[in-house]
Each structure stands twice: as structure tokens, then as C-alpha cells.
Amino acid sequence: MFSRHRRVGPTLIAVVLSLGMTAAAAPASARPSSTRTSSTALSAERVTIPATADVFVSQAEPAKSFGTATWMSVCGAACGGKTSAQRLALTRFKVSGIPGDATNVKATIEVTSARTTGTKVSARPVTGDWTETGTVWNDRPETGAVIASHSGFTAGEKAELDVSSAVTGNGTYSFALTGTDETTTVLFSSRETGDRGPKLTVTYTTGTPAPCAALPFDKPSVAALRASAKKAFAFYFPPFPVSIDNKDPAKDQYASWLDPDGSGGAYKDRGGYLRDRPVTRSVRPESHWRRLDFEMEVRQAIKQGLDGFIYEHHTSSDQRWNHLPELLDAARNVDPGFKIMLSPDFPTESGASVSKVVSDILLVKGHPSLFTLPDGSVLLTPYHGDRQPPSWWQQVRDELAAKGMKTSLMMSFNYWSGSGKTEWDDHVHGYSSWGANRPEVTDAFRRASEATHARGLKYMAPIGFEDTRAKELHYWEAQNSSTLRGSWKAAIDGKADWVQLVTWNDYGESQQAPSKVRGEVLAEVNTYYTTWFKTGEAPEIVRDGLYYFHRSHKANAPYDTSKQTAGKFTIPAGPGPVDDVELLAFVKEPGTLVIKQGSDVKTKEVTSTGVVSFKAPMVPGTTPVFELRRDGETVQTLTSKTPIRASVTYQDMIYHAGGGTGCSG
């Protein structure tokens with residue numbers, strides 16, 4: 001959860017280890033120690049974390065447990081001149097309380113040698129469960145690639161292995177210590193007296209914020225936002241993770257979906273399957289690249305004030321659906337407070353069996369990152385769950401209870417404005433609605449919240465931005481950022497208990513995760529509203545920020561009918577297209593907003609502070625420029641990255657976006 005590039009205030013939360021006791025009750029040798037070196041601007045922090053578990057296993061004695069040994073042996077396959085005699089050590093650490101934006105972070109395993117040897121020991125990340133007293137060679141966990149090595153050991157002295165590349169945030173980390181030498185490297189375990197067992201030392205710096213900050217307001221800490229009773233989630237759609245195939249972004253599956261000639265030309269008649277993709281990253285060499293991708297998304301979500309994901313889950317021959325355990329592990333690794341709510345997929349035909357739904361849910365029974373209610377029940381939030389009756393879902397819950405898994409139900413309707421559906425009242429914890437991403441319907445969700453509360457139930461409001469489906473040549477008119485802002489207003493005014501972003505990453509319809517086309521814009525706007533929603537007060541604007549929203553062409557712009565042969569994009573329901581350019585300004589004091597499109601210049605006087613939407617009709621053949629002026633001086637300028645074209649080869653009906661405070665923070 002930490003960044004190696006940004007600064008945070010000098011706050012250090014005590015690191016608490018999972019040792020079956022509170023930090024106050026832990027013996028001195030089991031407690032983390034921390035030191036701080038202060039300067040006028042920055043503080044250097046050092047936290048030392050003893051291992052919560054460590055053991056070694058031996059290939060020569062594959063069924064023997066060494067859980068009571070006071071040492072750990074590491075040796076190659078030809079250990080002692082024998083064959084098939086490898087020994088490896090396992091060690092686990094629990095990291096928590098490191099500030100989310102700590103800088104200059106370094107994590108180092110420290111081990112103390114019992115002998116002087118010229119041997120080499122390497123550290124590898126471990127995936128899979130293991131226990132100190134129960135694990136033997138035959139059931140040892142899988143290990144990853146070498147991430148650090150140390151050669152040469154002196155009896156009684158410490159040796160260090162830099163594992164910074166694997167320690168990606170607060171969470172639990174396991175490492176294997178392996179070797180290739182015939183000579184055994186003997187390291188003290190945590191059971192050795194004298195506090196000589198393995199430790200993880202994490203160093204980082206904190207300090208005052210940089211003069212330039214990326215948000216127009218001062219965001220509260222993660223801890224402060226999470227302390228609110230109001231919760232914010234994002235609906236996660238498994239078919240569109242950060243990467244499908246861990247390939248070069250220029251040649252991966254997303255590149256194919258964006259290319260009219262990609263996917264064997266299956267979507268050539270409409271310009272490709274998608275119009276946007278997740279932010280790209282380099283090919284990951286690690287075998288557990290999917291978990292690392294999930295960890296990246298968890299950090300992105302936490303950054304904008306979210307408490308968890310709602311994950312649509314079922315097992316499938318399409319492997320994209322089968323990675324819920326990895327997401328749960330990623331959430332646990334990054335931040336144990338970030339939770340995953342289950343949205344089980346289910347058969348909709350009449351009389352359908354509940355057995356597969358039950359077995360799918362039981363696959364993750366007991367995982368600590370599952371979202372649970374105060375009574376300990378796992379909350380199920382099936383999309384459009386009313387396609388089966390209450391009795392069907394009660395059978396699901398009864399069968400899960402018989403298997404030792406207590407559940408509650410949050411019914412998420414496809415669209416619900418607060419009337420009817422009373423047959424569900426006695427079966428659910430609360431109600432939600434998928435919504436419709438059009439500004440004229442957002443107030444219905446305020447009414448739905450009020451109606452739900454009148455029934456004594458909880459309400460989770462939908463937060464939508466737009467719904468554009470290139471694969472179907474359909475879109476609904478979102479009117480720039482109007483739907484997003486209207487959704488948040490309905491949630492705040494209706495006093496919703498929770499919200500869900502609809503969706504985080506369904507790039508085939510509607511997504512709000514950081515993306516190639518929109519960058520961090522939706523994340524930054526949502527951060528403003530999650531802060532407002534959770535604290536009950538609109539954040540004070542302390543820095544000017546300019547954001548734009550507009551399409552790359554008018555809805556009726558001519559397109560190449562010899563290429564886009566499937567027809568034009570149409571609106572199935574709601575008002576017709578709106579061809580506006582929008583400047584969404586966060587202003588710290590009065591001024592003048594300007595939208596320039598070539599020689600067409602529109603202005604708006606702003607007489608107070610806050611968030612202001614300023615729109616102007618699109619002018620084809622121009623690249624919009626946005627300004628904020630005060631006292632005759634231009635204090636901020638923003639040029640769109642998306643020219644407005646008079647004609648196109650293929651239509652692109654999604655809203656492009658850009659902007660910020662004018663600094664990288």
C-alpha cells in the first residue's frame with residue numbers, strides 16, 4: 001500500500017503482529033521496534049518485525065516436521081554429498097500500520113547465522129499456506145523466483161536479504177530461503193533464545209506534503225475515512241482485469257479488442273470490441289502476476305476512499321472468472337481492512353438448482369478478506385438477484401449455513417426507485433440498485449434510499465458515469481460528468497448507507513477505474529465525493545483544479561460507412577445526444593472560467609468557491625483549451641488531449657477526460 005514516490009505527513013501507526021496477543025501483551029522480543037531520525041522536513045522511520053512463524057523442511061526426511069527446532073537449515077539438492085537432500089526454510093512476517101504513501105521504502109530480511117560458511121542463500125516469495133508445526137517437505141508451499149541473495153555467513157552475525165520488490169504494502173508475507181551448496185547454512189529460528197530469529201526490517205521516510213498536491217482538497221487519511229459508518233465499494237467485473245495475458249500492452253488482448261482488425265476481425269464492422277482499456281503496465285516476470293495486478297487495483301481503490309470491491313463470482317471454463325482467491329489474497333496483503341463482498345452469479349431459469357452457487361461460494365469460506373456484517377455473516381450481493389424468488393435465495397443461505405457459513409443478503413435490483421418489492425423485506429439486510437447511467441434518473445435513487453430506510457433496512461446507492469457499448473453500438477446519454485455528479489448527490493441527499501461504483505472495470509459497458517483514455521480523472525473526482533459522503537461535509541477546495549469531459553466528435557459526425565458497416569451508435573432509451581464540452585472546475589476562490597475552441601471563446605464568472613460545471617457546445621475541428629483567470633491573469637491552463645474531429649472512420653461515443661491541479665504531486 002505504500003508508494004515510493006510521494007510524501008506523507010509524519011504519522012506512524014504501531015505495527016501489530018498476528019501472534020495471538022495484543023501488542024501491549026507481547027513479550028519484548030516479539031514486539032516490533034521502531035526508531036525515527038528527524039530533520040527539518042523529513043523523518044526516517046525504521047520498523048523491525050520479528051517472524052510470526054519459521055521452520056525448515058528436508059527432502060531427505062520428507063514427512064518429518066522440524067517445528068520445534070531452534071535452527072533453520074538451508075542446503076542444496078546434493079546436501080552433504082547426498083542426492084535428493086535439499087533443505088529450505090520458510091518464514092512469515094505480518095506488516096501493518098506503515099503509512100500508505102510512505103517514500104523510500106525498503107524491506108530487508110535479517111537472519112543470524114549459527115556457523116561460518118561461504119555459502120549462498122536466496123529469498124523467494126511463497127504462495128500457498130503453511131504452518132510452523134504441521135508443514136513438511138511433502139506438503140511444502142510453492143515458491144517463486146529468486147528476489148534476493150546473500151553469500152558468506154559468519155557465526156553469530158546478521159546477514160541481510162533485500163526483499164523490497166515483494167513487500168508491496170501492509171499485509172502478510174511469506175518467504176522461502178533456499179540454497180544450492182552442498183554445505184548446510186544454519187540460521188537461528190525464532191525459538192532460539194537471545195532474540196536471534198529472522199526479522200523483517202522496513203525503513204521509509206515521511207515528511208510534510210510537497211508544495212504541489214495532486215488533489216484540489218486535503219484528503220483525510222485512510223484510517224479517518226474508514227472509520228465512517230458509511231462505506232464505498234466498486235463492482236468488480238472479472239472478465240476485464242488489468243491484464244488478460246501478461247503480454248506487452250502493444251500486443252496483448254486489450255490491444256486486439258481495441259483494434260478493428262483484432263480478434264480475427266470479429267468486430268471490424270464496428271471499430272473494435274472496446275474503446276478504452278485499463279492503465280498499462282510492463283510484462284511481469286513473476287508467476288503470481290495476477291495477484292500483483294489485483295494488489296495494484298486494491299491500492300487504486302483505497303486511494304480514492306473505497307472500502308472494498310463487490311466481486312461477481314462463479315467458476316467457469318473461462319479462466320478470467322476463476323481468480324477470486326487471488327483477489328482475496330491481494331486484499332489481505334495490501335490492507336486487511338479492504339474487504340471483498342461476494343456477488344454470486346447464478347442460474348436464472350425457473351426451478352434451477354442452488355448447488356453450484358453454494359459450492360462456488362464455499363470455495364472461499366473463512367477467508368479474512370471477505371466482507372462480513374457485525375454479526376459475522378458474509379454478505380451476498382447478487383446482481384439482479386430478483387431473477388430468482390426469495391425462497392430460492394433462502395435455500396442457498398440454508399445450505400451454506402449447514403456447511404458452517406452464515407450469510408446475509410443484500411438484494412441488488414437492476415433498476416428500483418423505491419416502490420414495491422416488499423416480498424423481499426423479511427429476507428434481506430438491505431437493497432441496492434444497478435441504476436441507469438443517465439442524469440435524469442439519478443434522483444430516483446434518493447427516493448429509493450428513503451424508501452429503504454422507511455422499511456428499516458440498509459441502502460447501497462449506485463454511482464454511475466456512463467454506459468457505452470461498442471460491441472452492441474449502443475450508448476445512453478450521460479451528459480459529460482452530469483450522471484456521475486447526480487449519482488453522488490442522490491446518495492448524499494438520500495443519506496444512503498453505502499455506495500457502489502457501477503462499475504469498477506466493465507470496459508464493455510461502464511468503468512471508473514484508472515484507464516488509458518481517462519487517466520485518474522474519475523478517481524480524483526470520486527475521491528472528492530467519497531470524502532463528502534463519508535464525512536458529511538463537502539471538502540474545502542484549497543487548490544485550483546481543472547478537469548474536462550467531452551467526446552472526440554459530435555454524435556452526428558459523418559463516419560466511414562464502408563468501414564463501420566454495422567450501422568451507427570444508437571440510444572435505446574432516454575433523451576437524445578448532447579454535444580457539449582464540459583469544464584469541471586474546483587476553484588479555491590472566485591475567478592473566470594474559459595473554454596476556447598479555436599476562435600470560439602466562452603466564459604463563466606465564478607463568484608464563490610467549490611465545484612463548478614461549465615459547458616459549451618462542441619466545435620468540430622478544434623482542440624479545446626480550458627483556463628482559470630483571476631484579476632486579468634491566467635492562473636491555470638489545461639489543453640485537451642482529445643481533438644474534436646469533424647468526421648471519423650469509426651464512432652467513439654465514450655467520454656474522454658483529463659486534467660487535475662496542474663502538478664504531479
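Here are a few questions and answers about helix H6 and the chain that holds it.

The model is predicted, with local features needing pLDDT of at least 70 and side-chain atom pairs pLDDT 80 or more, while totals for chains, interfaces and linings use all residues. Residues are numbered from 1 along each chain as its sequence is written, and side-chain values use heavy atoms, leaving out hydrogens and water.

Q: What makes residues 390–402 agree with the span expected of helix H6?
A: Helices are DSSP runs of H or I with at least four residues, numbered from the N terminus. The expected span is 1.5 Å times one less than the number of residues. For the 13 residues of H6 that gives 18 Å, and the end C-alpha atoms are 18 Å apart, so the two agree.

Q: Which residues of H6 are called buried, and why are they said to be on the same side?
A: Buried means under 20% relative accessible area, exposed over 50%, and partly exposed in between (1.4 Å probe, protein chains only). Pro390, Trp392, Trp393, Val396, Arg397 and Leu400 are buried. They cover an arc of only 165° around the axis (directions from the helix axis to the C-beta atoms), so they lie on the same side of H6. Ser391 and Ala402, on the other side, are exposed.

Q: What covers the buried residues of H6?
A: The cover includes helix H5 (355–362) and strands (E, at least two residues) S16 (339–344), S17 (378–380) and S18 (407–413).

Q: How do you know that the chain agrees with a compact globule?
A: The globule rule is 2.2 Å times the number of residues to the power 0.38, with the radius of gyration taken over C-alpha atoms. For 665 residues this is near 26 Å; the chain has 27 Å, which agrees.

Terms used
Contact means heavy atoms within 4.5 Å.
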